[in-house]
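Subject: Structure for you to look at

Hello,

Here is the structure I said I would pass on. Please open it beside this email and follow along.

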Amino acid sequence: MSGDSRDELALLPRLAQLGTAMNRGRIAQQATEATGLALDRPAMTILLTLSMADTPLRVGEIADRMQVVGPHVTRQVQSLEHRGLVRRVTDPNDRRASLIEPTPTGTEAANRYTETISTWFREVIANWPEKDRAELNRLLIKLTDDITARLADS
């Protein structure tokens with residue numbers, strides 16, 4: 001086994017440890033609680049997906065971005081719509097179709113969630129040199145993009 005392969009294998013337990021620490025630390029749960037809304041993880045993920053998109057999305061596009069099947073998103077969107085957190089708008093390219101966008105209340109909830117997570121991470125790496133913080137950001141973006149692309153090809 002080459003040195004690179006050993007380094008990559010040594011990373012796997014660290015990734016598992018990171019996932020466990022984040023789940024045990026209840027970071028996502030604390031961020032969801034900061035929204036002031038009783039939302040489950042899928043509902044919060046839809047709000048975040050819409051918020052980060054900066055444009056209304058079709059249900060299928062939301063499902064693709066979340067890497068789940070459409071019916072799960074449809075049920076969640078209906079619930080979020082009923083609660084006044086998202087709304088349907090007409091697709092300007094196809095008047096028969098509708099797009100989903102967050103309401104101001106939904107956007108505010110997504111922003112509070114994101115700010116809670118961001119603050120937590122900023123505090124964790126506050127003592128890191130700027131170069132290390134920038135490198136972490138660059139590598140996490142690259143890793144996420146590559147994983148997402150690999151899953152899309154599967």
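Below is what was found in it, starting with one helix and ending with a pair of rings. Please keep in mind that this is a predicted model.

Helix α5

Helix α5 runs over residues 70-82, which makes 13 residues. At 1.5 Å a residue the expected span is 18 Å, and the end C-alpha atoms are 18 Å apart, so the two values agree.

Which residues of α5 are buried? They are V73, Q76, V77 and L80. These residues cover an arc of only 105 degrees around the axis, so they sit on the same side of α5. On the face turned away from that buried side, α5 carries the exposed residues R75 and H82. If you colour these two groups in your viewer, you can look at each face in turn.

What do the buried residues of α5 pack against? Their partners are two helices, α3 (41-53) and α4 (59-66), and two strands, β1 (86-91) and β2 (94-102).

After α5 comes G84, a residue with a positive phi near 80 degrees.

Two loop residues with positive phi

Positive phi also turns up in residues that are not glycine. One of them is D54, with phi near 60 degrees. D54 belongs to the loop between α3 and α4. Is D54 buried or exposed? Its relative accessibility is 71%, and the cut-off for exposed is over 50%, so D54 counts as exposed.

Q67 is not a glycine either, and its phi is positive at about 60 degrees. You will find Q67 in the loop between α4 and α5. The relative accessible area of Q67 is 42%. Partly exposed covers the range between under 20% (buried) and over 50% (exposed), so Q67 is partly exposed.

The aromatic pair

How many aromatic pairs are there? The count comes to 1, with ring centres required to lie within 6.5 Å. The pair is made by W120 and F121, whose ring centres are 5.0 Å apart. Their planes stand at 85 degrees, and an angle over 60 counts as edge-to-face, so this pair is edge-to-face.

Both rings belong to partly exposed residues: W120 has a relative accessible area of 33%, and F121 has one of 32%.

A good place to begin in the viewer is α5, with its buried residues V73, Q76, V77 and L80. After that, go to D54 in the loop between α3 and α4, then to Q67 in the loop between α4 and α5.

Regards

How values were computed
Residues numbered from 1 in each chain as written. Predicted model: local features only at pLDDT ≥ 70, side-chain atom pairs only at ≥ 80, totals over all residues. Heavy atoms only, no water. Phe/Tyr/Trp six-rings, centres within 6.5 Å; stacked < 30°, edge-to-face > 60°. Buried < 20%, exposed > 50% of the residue type's maximum accessible area, 1.4 Å probe, protein only. Helix = DSSP H or I, 4+ residues; strand = E, 2+ residues; numbered from the N terminus. Expected span 1.5 Å × (residues − 1). Arc of directions from axis to C-beta. Contact = heavy atoms within 4.5 Å.
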